[in-house]
Amino acid sequence: MPWLINEDDRQSLIALGCLALLIVAIRFWQFAIIAGGLGLLLWILKMQVRRANHRLLKRYVEQAQTRHSLSVVSVEGIFHQVQKIQVIQEANQLKLEMITRCLKGEGNHIRSEEEHIALWKGHSGIPQQSVSLLLTRQSIQIISPISVEATALKTALDCLNELRWCYDAWMKLETMQQAAISTLDKAKDNPLLEHAIPSLQKALLTFKSEEKKIRKNQEETGKMLKQLADFLSIPESLRPILSVDLRDWNPEIRLKELEQSFNDVILLNDSFVELNRNIF
């Protein structure tokens, strides 16, 4: 059809357009410089405003992190412990979010999970409200740090940490026991190491004793964790019915004592590792 433009004609028109723009720029170069200068100035101002907003937002987040870190909040009746408040960028938007940990599961399968809760979105600038008000807008309730619920959630998360430590320690202890048994078998056939047999046997008894201690601690901690999870999962009006006594339960001290006892066992094991290397 006569009105269609082929590729050669299109390229010719583009070349003519560029030539026309060049002629205009040469003819009115003063205006081109002024326009370019204004554009550069506006770009610099825009970048300065953005940097200032980022500094203000960073300060805002640091203050919120200091105030709310490790505090307990209630989200739709589920208790969360605040781990971190951070800003992330999604496409052309800034997003303020709160990272929390909460209990999941039931019975003997209780675990903790990390959740990300969006508090604010914007293209630039900082939120006009404090984090406390942002939480209220999201129907998130801040729990008093001296409340039973806050103490119960913190203790439950500490119990989970303790259980994870017990599992890792039990696995290491199992490896140490197998190594000690192997060393004992080798020592029985080695006249130069027969004097070490009583010490090896004593070490195995120490390992067994430590294993019983860890297993007992796992049982006690697992039972306390279940009680705490049950307490936190029921409606507020019924919580007084389930009384949880935390007066004599300090996870930090318990774990510190376990770690100290286990470190003594590690030192004992290291001596027998060295002995095993020198057998042959």
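Colleague: Why is Ser139 called exposed?

Modeller: In this predicted model, Ser139 has a relative accessibility of 59%. Exposed means over 50%, so Ser139 counts as exposed. Its place is in the loop between helix H3 (131–137) and strand E5 (140–143).

Colleague: What makes the phi of Ser139 worth a remark?

Modeller: The angle is near 60°, a positive value in a residue other than glycine. Most residues other than glycine have a negative phi.

Colleague: Which other loop residue has a positive phi, and where is that residue found?

Modeller: Glu76, with phi near 55°, and not a glycine either. Glu76 is found in the loop between strand E1 (72–75) and E2.

Colleague: How do you know whether Glu76 is buried or exposed?

Modeller: The relative accessible area of Glu76 is 78%. The cut-off for exposed is over 50%, and therefore Glu76 is exposed.

Colleague: What makes Arg101 and Glu114 a salt bridge?

Modeller: The closest N and O atoms of the pair are 3.9 Å apart. The limit is a side-chain nitrogen of Lys or Arg within 4 Å of a carboxyl oxygen of Asp or Glu, so Arg101 and Glu114 form a salt bridge.

Colleague: Why do you say that this pair ties parts of the chain together?

Modeller: Arg101 lies in strand E3 (residues 93–104) and Glu114 in strand E4 (residues 111–122), so the bridge joins parts that are 13 residues apart in sequence.

Colleague: Why are Arg101 and Glu114 each called partly exposed?

Modeller: The relative accessible area is 25% for Arg101 and 47% for Glu114. Partly exposed is the class between under 20% and over 50%, so Arg101 is partly exposed, and so is Glu114.

Colleague: How many salt bridges does the structure hold?

Modeller: The structure holds 10.

Colleague: What makes Glu162, Glu220 and Arg254 a network?

Modeller: Arg254 takes part in two of the contacts that link them. The side chains of Arg254 and Glu162 meet at 3.2 Å, N to O, and those of Glu220 and Arg254 meet at 3.6 Å. Both values satisfy the limit of within 4 Å. Glu162, Glu220 and Arg254 are thus linked in a network of salt bridges.

Colleague: Which elements do these contacts link?

Modeller: Arg254 is in helix H6 (residues 251–277) and Glu162 in helix H4 (residues 148–188), and the two residues are 92 apart. Glu220 lies in helix H5 (residues 197–233), so its pairing with Arg254 ties together parts that are 34 residues apart in sequence.

Colleague: How do you know which members of the network are buried and which are partly exposed?

Modeller: Buried means under 20% relative accessible area. Glu162 is at 0% and Arg254 at 17%, so Glu162 is buried and Arg254 is buried. Glu220 has 33%, which makes it partly exposed.

Colleague: What makes Leu45 eligible for a surface patch?

Modeller: Leu45 has 46% relative accessibility and counts as partly exposed. A patch residue needs over 30% and no salt bridge, and Leu is among the nonpolar side chains that count. Leu45 therefore passes on accessibility. Leu45 is found in helix H2, and with Ile34, Leu38, Leu41 and Leu42 it makes a nonpolar surface patch of about 500 Å².

Colleague: Why is His54 called partly exposed?

Modeller: His54 has 41% relative accessibility, a value between the cut-offs of 20% and 50%. His54 therefore counts as partly exposed. His54 also has its place in helix H2 (residues 29–68). The C-alpha atoms of His54 and Ile126 are separated by 8.2 Å, with their positions 72 residues apart along the chain.

Colleague: Which residues and elements line the largest pocket?

Modeller: The pocket has a volume of about 260 Å³ and is lined by 13 residues, with Ile78, Leu103, Ala229, Leu232 and Ser233 nearest its centre. Strand E2 (78–90), E3 and H5 each give two or more residues to the lining. H5 gives the most, with four.

Colleague: How do the lining residues divide by kind?

Modeller: Seven are nonpolar, three polar and three charged.

Colleague: What does the secondary structure of the protein come to, and how much of the protein is buried?

Modeller: Six helices and five strands, following the pattern α-α-β-β-β-β-α-β-α-α-α along the sequence. Of the 280 residues, 34% count as buried.

Definitions and conventions. Residues are numbered from 1 along each chain as its sequence is written. This is a predicted model: local features need pLDDT of at least 70, side-chain atom pairs count only at pLDDT 80 or more; totals for chains, interfaces and linings use all residues. Side-chain values use heavy atoms; hydrogens and water are left out. Buried means under 20% relative accessible area, exposed over 50%, partly exposed in between (1.4 Å probe, protein chains only). Patches are made of residues with over 30% relative accessible area and no salt bridge: like charges are joined within 9 Å, nonpolar side chains (Val, Leu, Ile, Met, Phe, Trp, Tyr) within 5 Å. Accessible areas come from the Shrake-Rupley method with a 1.4 Å probe; for residues, only the protein chains shown count as cover. On a 1 Å grid over the protein atoms alone, a cavity is a set of points where a 1.4 Å probe fits but cannot get out, and a pocket is an open set with protein on both sides within 12 Å along at least five of seven lines; lining residues have an atom within 4 Å of a point. Grid points are joined across faces, edges and corners, and a volume is the space filled by probe spheres set on the points. Ala, Val, Leu, Ile, Met, Phe, Trp, Tyr, Cys and Pro count as nonpolar, Asp, Glu, Lys and Arg as charged, and the others, Gly among them, as polar.
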